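Dear colleague,

I am passing on the structure we talked about, and I would be glad if you could open it alongside this message. My notes on what came out of it are set out underneath.

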Amino acid sequence: MSEAAAAFVVAVFCLQMTQRVHGIGLGLRYDLATELLERRPKNVSWVEVHPENYVDRGGRYAEILDLAREDWPVVTHGLTTCFGALRPFDEGYLTALRGFLKDLEVPWHSEHLCIGAAGAHFFHDLLPLPFTDEAVATSAQRISEVRDAIDMPIALENVSYYAPQGPNGLEEADFVVEVLERADAKLLLDVNNIYVNARNFGFDPKAYIDKIPADRVVQIHVAGHLVRDDGLRIDTHGEPVPDDVYQLLEYALRKLGPVPVLLERDSNIPALDELLAEIDELWAIYERATGEERAS
Ligand SMILES: [Fe+2]
């Protein structure tokens, strides 16, 4: 097969995989998995997993993944290979991740545009980068390294943050777009993170979305967040999705088209029926905004 023919086959394969991930998905979290896999609700069209929970790991985790794959396409969202990292990535982990992603046949792999570790220490949190040209260059380089290592399209995710930026940086949306273009990467657009940052730092979340190039967005996250007594909003993934985030999602879908949307719920996990009601609400917004209907 010629090089051009091989490239065409790969492109068609990626397109087919992307089309399989459609509509509304749910984060496959351990605490939800048993009931989700027993009930297999029809309004969940795909699931997302954190590969750190599955790579080189057997037992119940491997069983959960196998059972989920019987009904749902799977997308992966990493937690430990943040693109702002300055320390070398773990080559052994990236090699294992590459094999895991190939086996799963994922259409892309996403990670956060942030710092998650320094030296030998993981923060167990996602800390923001300065929105500077230097951080754009560093992040683009690190994204290229990960893409080369796992041989897979890469999507970066915009994060929430709680400390103000210095006076000389870019606006957040401009920073994200610069990294996307410099790295030739895809975007996992987290509308809850945009909303939280917009309310905490006083910018217009719709103006942020207006700057995003639609052709780079492959996935959207929505979640709920905590509002403290002093008004600060904390991105907890532990509350129901608020109306303002639903409205921002609808605005984003009208701008971006039928991008698959994932409901993230990682703490304070309620009864599954409560999450399925949120999934129904997301479907109503998705159908209204994009004109695409869910398969019956
Ligand atoms: Fe997210």
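The notes below begin with the whole chain and then turn to one strand and its partners.

Please keep in mind throughout that this is a predicted model. The protein contains 10 helices and 12 strands, and its C-alpha trace extends over about 50 × 50 × 40 Å along the principal axes. For 296 residues, a compact globule would be expected to have a radius of gyration near 19 Å, and the value of 18 Å computed for the protein agrees with that. Of the 296 residues, 40% are buried. Among the contacts in the protein with a separation of 6 or more, 78% are between residues that are 24 or more positions apart.

The strand I would draw to your attention is β9, which covers residues 217-222 and is mostly covered, with six of its six residues buried. Which strands does β9 pair with? One is β8 (residues 186-190), which runs parallel to β9 and is joined to it by four bridges; another is β12 (residues 261-263), which also runs parallel to β9 and is joined to it by three bridges.

A convenient residue to find on your screen is Ile220, since two of the bridges can be followed from there. Ile220 of β9 is the bridge partner of Leu189, and the bridge partner of Ile220 in β12 is Val261. Going through Leu189, Ile220 and Val261 in turn therefore takes you from β8 across β9 to β12.

With best wishes

How values were computed
Residues are numbered from 1 along each chain as its sequence is written. This is a predicted model: local features need pLDDT of at least 70, side-chain atom pairs count only at pLDDT 80 or more; totals for chains, interfaces and linings use all residues. A residue is buried if 20 or more other C-beta atoms lie within 10 Å of its own, exposed if 12 or fewer, and partly exposed in between; C-beta atoms are placed from the backbone. The radius of gyration is taken over C-alpha atoms; the globule rule is 2.2 Å times the number of residues to the power 0.38. Two residues are in contact if their C-beta atoms, placed from the backbone, lie within 7 Å.
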